[in-house]
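Visitor: Please take one part of this model and look at it closely. Then set that part against the rest of the protein.

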Amino acid sequence: MFLISERMMLTGIHLLLTYQCMYECDHCFVFGSPFAKGVMTIEDVEQILRQSRDLGTVRWIYFEGGEPFLYYPIMLRGARRAKEMGFNVGVVTDAHWATSLQDAEEWLRPLKSIGVSDLSISDDPFHYGESTENLAKIGIKAAERLGLPVDTITIEAPKREPRERAGLKGMEVKGGEVMFRGRAVEKLLGGVPTKPWKAFDECRHEDFSDQRRVHVDPFGFIHLCQGLVMGNWRETPIPELVAGFEPHSHPICGPILEGGPAGLVERYGVDHEEEYVDECHLCYRARVTLRGRFPKYLAPPQMYGEVGK
C-alpha cells in the first residue's frame, strides 16, 4: 500500500478506452472522431486496474471514450475484471449500437451479467439532432427492460435570447452547459456572450486541491482536466503520482488555484483577447499557447485538436 497524499483522495478512475468515436460532435472536448488514434490494450487495462486497487481509495471505475463500445471485447473484459476486484463499474456510451430494441438488449445483456452499476447514455442534439431515429432512447429502453441502472448525459446546443444583465455581450445561453474547450471552441463560439478575461478568476469545474477523480487515456496520461495532466502511468505508477502530487507546485494547476484561468494568463504573460465566453474558454486558449513550454503537463496533441497524432 502506498502512502497517499493528503491533498488527493481519488475515488474514481475513468478509463478513456479509446479516442475513436462514431461521431465528431461540436461540443466534444476530447476531439473524438472516427479518425482519432489511441486504443488501450487488455494489458493496459489490467495494469491501470491493479494500480487503482493499490491506491486503496478508488471505488468507481468507468469505461469511456471516445466510444468504448467500438472495442467491445476489451471493454467487457475490463468491466468484468474491475468488478472482480471489487470496484463499482460504470460505462459511458452514445448508444450507436442500439439499432433495434432486440439488438440493444443483446449488446447490454453482458453488462447486466457482469453487474455494471451505471450505464450513462448520451442523449442530446449534438448526437442525434432532431432525428426521429434516436438510438439513445432505444438504448435506454433496453437497459430499463434488463434492469440495468441507466441515466442520460444531456448537453443542449447553446440557445440565444436577448439578455439584460450588464457586463456581458451578445445573447443569453440557456439549457445544458457547454464547456467551451476542445472542439466547442472551434465550432460553437459564434454569437455566444462574453465577459472580460479578468472576471474568470476561479475554476468552477475542478478543484485540484481536492481531486476525487482522474481520466486515464490510451497514451498513459493521467488527466486532472482534459488536456491537463499530472503525469503518465507508463513512466510513474499511479499511486506514486498521487502520493507525490502537490497541486500548488504544479506549473498549471498552481496558478489556476491561486487566480483561476486569469491567474494562469497573468503568471506566464500569455497573449490574450479582452473577452471570453467562460473560464474554460480562457483556460483552453491559454493552455494551447503554453503547450510548447509545458509539454509534460499539457498533453496529448489529441486533446488540442491534432487528431491522429
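Guide: Helix α9 covers residues 279–290, and its end C-alpha atoms are 16 Å apart; this agrees with the 16 Å expected for twelve residues at 1.5 Å a residue, the expected span being 1.5 Å times one less than the number of residues. Helices here are DSSP runs of H or I with at least four residues, strands are runs of E with at least two, and both are numbered from the N terminus. The model is predicted: local features need pLDDT of at least 70, side-chain atom pairs count only at pLDDT 80 or more, and totals for chains, interfaces and linings use all residues. Residues are numbered from 1 along each chain as its sequence is written, and side-chain values use heavy atoms, without hydrogens and water.

At the N-terminal end of α9, D278 acts as a cap, with a side-chain oxygen 3.2 Å from the backbone nitrogen of C280; a polar contact is a pair of N or O atoms within 3.5 Å, and within protein one must be able to donate a hydrogen and the other to accept it, while residues adjacent in sequence count only if both atoms are side-chain atoms. Nine of the twelve residues in α9 are buried (under 20% relative accessible area, with exposed over 50% and partly exposed in between; 1.4 Å probe, protein chains only). Among them are C280, H281, Y284, R287 and L290.

As for the rest, the protein has nine helices and twelve strands, and 54% of its 309 residues count as buried.
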